[in-house]
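Reader: Could you walk me through this chain, one question at a time?

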Amino acid sequence: MADATSPRLNLVTTPFKLKGTSLPATLMQPNTGQIGLLEAELESRLAKGSALLKVAPLVLDLSQLDQMLDLSELQEVCKRLGIQFLAVRTADKNLQAYARKLGLMALNSLDRPATAANQEEMPRTLVHQGTVRSGQQLINEKGDLVVMGSVNPGAEVLASGQIHVYGAIRGRALAGIQGDQQARIFTLRLEAELIAIAGHYQTSYSADFVTAGDAVCIELQGEKLVSTALTQL
């Protein structure tokens, strides 16, 4: 019998290829280390159809948490709920080592200036000049996002408020990511891979994907995303 490792029998000269890609991830910043509260909130958001928990792996950012959180317990919760818990972001070397021990990725976090105790962080509008290219992600967690250009396939824009794209959306656009059901998405052309408002999402593969058009406004009506031509508003 011929040797299975014989070069004559190796019909695949290159077993695999490695290519760069841009995969979306959901960043979760806990305000408490109580697993029960986190579990209840995750269950609630999943019940409401949260797109951020369904379509993207979870990255846990511990940079703002000042109390202990049991990563192994949270990992079990995510496994039970069908959430892909991928990585932990923290500057704590011990937590990084523990995360790796649990089979999680450990990412470094950058120090951010703390908000003064007597100063509230006001919503702001983030304006991006030019096209959002494939592999890029723009996010505004405290207000609206304005793109003075298009959103290419493989790119992602997210905002807690409205999203305005003065061009075409061909990638992913997620508005109301903190749960604002009144948030809307405006674009001069809709050819998106995925759109979402307050956790309610549709992809271009959905049979009931909102009608694409030249200039539309997308809003949430009940549990459904609806688009309206801007000329009709």
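Here are some questions and answers on the model.

Reader: Before we start, what kind of model is this, and how are residues numbered?

Author: This is a predicted model, in which local features need pLDDT of at least 70 and side-chain atom pairs count only at pLDDT 80 or more, while totals for chains, interfaces and linings use all residues. Side-chain values use heavy atoms, with hydrogens and water left out, and residues are numbered from 1 along each chain as its sequence is written.

Reader: How many helices and strands does the chain have?

Author: Helices (H or I, at least four residues) and strands (E, at least two) are DSSP runs, numbered from the N terminus. By that count the chain comes to four helices and 15 strands.

Reader: What share of the residues is buried?

Author: Buried means under 20% relative accessible area, exposed over 50%, and partly exposed in between (1.4 Å probe, protein chains only). The chain has 233 residues, and the buried part makes up 42%.

Reader: Which strands supply at least two residues each to the largest nonpolar core?

Author: A nonpolar core is a set of buried Ala, Val, Leu, Ile, Met, Phe, Trp, Tyr and Cys residues joined through side-chain atoms within 4.5 Å. The largest has 24 residues, and Val 157, Ile 163, Ile 185, Ile 197 and Ile 218 have the most contacts inside it. The strands that each supply at least two of its residues are E7 (145-148), E8 (156-159), E9 (163-169), E10 (172-175), E11 (185-190), E12 (194-197) and E14 (216-221).

Reader: How many residues are in the other core that lies apart from it?

Author: Among the members of this other core are Leu 42, Leu 69, Leu 74 and Val 77. Its count of residues is 22.

Reader: Which residue of E8 stands opposite Leu 138?

Author: Leu 138 is on the covered face of strand E6 (residues 137-140), together with Asn 140, whereas Gln 137 and Ile 139 are on the uncovered face. Two strands pair if DSSP finds at least two bridges between them, and E6 and E8 do so in the parallel sense over four bridges. Leaving aside neighbours within four places in sequence, the contacts (heavy atoms within 4.5 Å) of the residue you ask about include Leu 138, Leu 145 and Ile 163. The residue opposite Leu 138 is Val 157.

Reader: Asn 140 is polar by name, so to speak; is it buried or exposed, and which residue offers a backbone oxygen to its side chain?

Author: Asn 140 lies in strand E6 and counts as buried because its relative accessibility is 2%. Its contacts beyond four places in sequence include Thr 125, Leu 126, Leu 158 and Ser 160. A polar contact is a pair of N or O atoms within 3.5 Å; within protein, one must be able to donate a hydrogen and the other to accept it, and residues adjacent in sequence count only if both atoms are side-chain atoms. Here a polar atom of the Asn 140 side chain lies 2.9 Å from the backbone oxygen of Arg 124.

Reader: What is the order of strands in the four-stranded open sheet?

Author: The pairing in this sheet is parallel. Its edge strands, which pair on one side only, are E1 and E4 (105-107). The order is E1-E2-E3-E4.

Reader: Which helix packs on that sheet, touching E2 and E3?

Author: E2 (residues 58-61) and E3 (residues 85-89) pair in the parallel sense over four bridges, with Leu 60 and Val 88 as bridge partners. The helix touching both makes about 150° with the direction of E3; axes are lines fitted to C-alpha atoms, for helices over the stretch in contact, and angles run from 0 to 180 degrees between N-to-C directions. That helix is H3 (residues 71-81).

Reader: Which backbone nitrogen does the side chain of Thr 32 reach?

Author: Thr 32 lies in the loop between E1 (26-28) and helix H1 (35-47). At 15% relative accessibility, this residue counts as buried, and its contacts further along the sequence include Leu 65, Gln 67 and Leu 69. At 3.1 Å, its side chain reaches the backbone nitrogen of Gln 34.

Reader: Which residue caps the N-terminal end of helix H4?

Author: Helix H4 covers residues 93-101, and the cap places a side-chain oxygen 2.8 Å from the backbone nitrogen of Asn 94. After H4 comes Gly 103, with a positive phi near 90°. The capping residue is Asp 92.

Reader: Which residue in the E12 and E13 hairpin takes a positive phi?

Author: E12 and E13 (residues 200-203) pair in the antiparallel sense over four bridges, and Ile 197 has His 200 as its bridge partner. Two residues lie between the strands. The one with a positive phi of about 50°, although not a glycine, is Ala 198.
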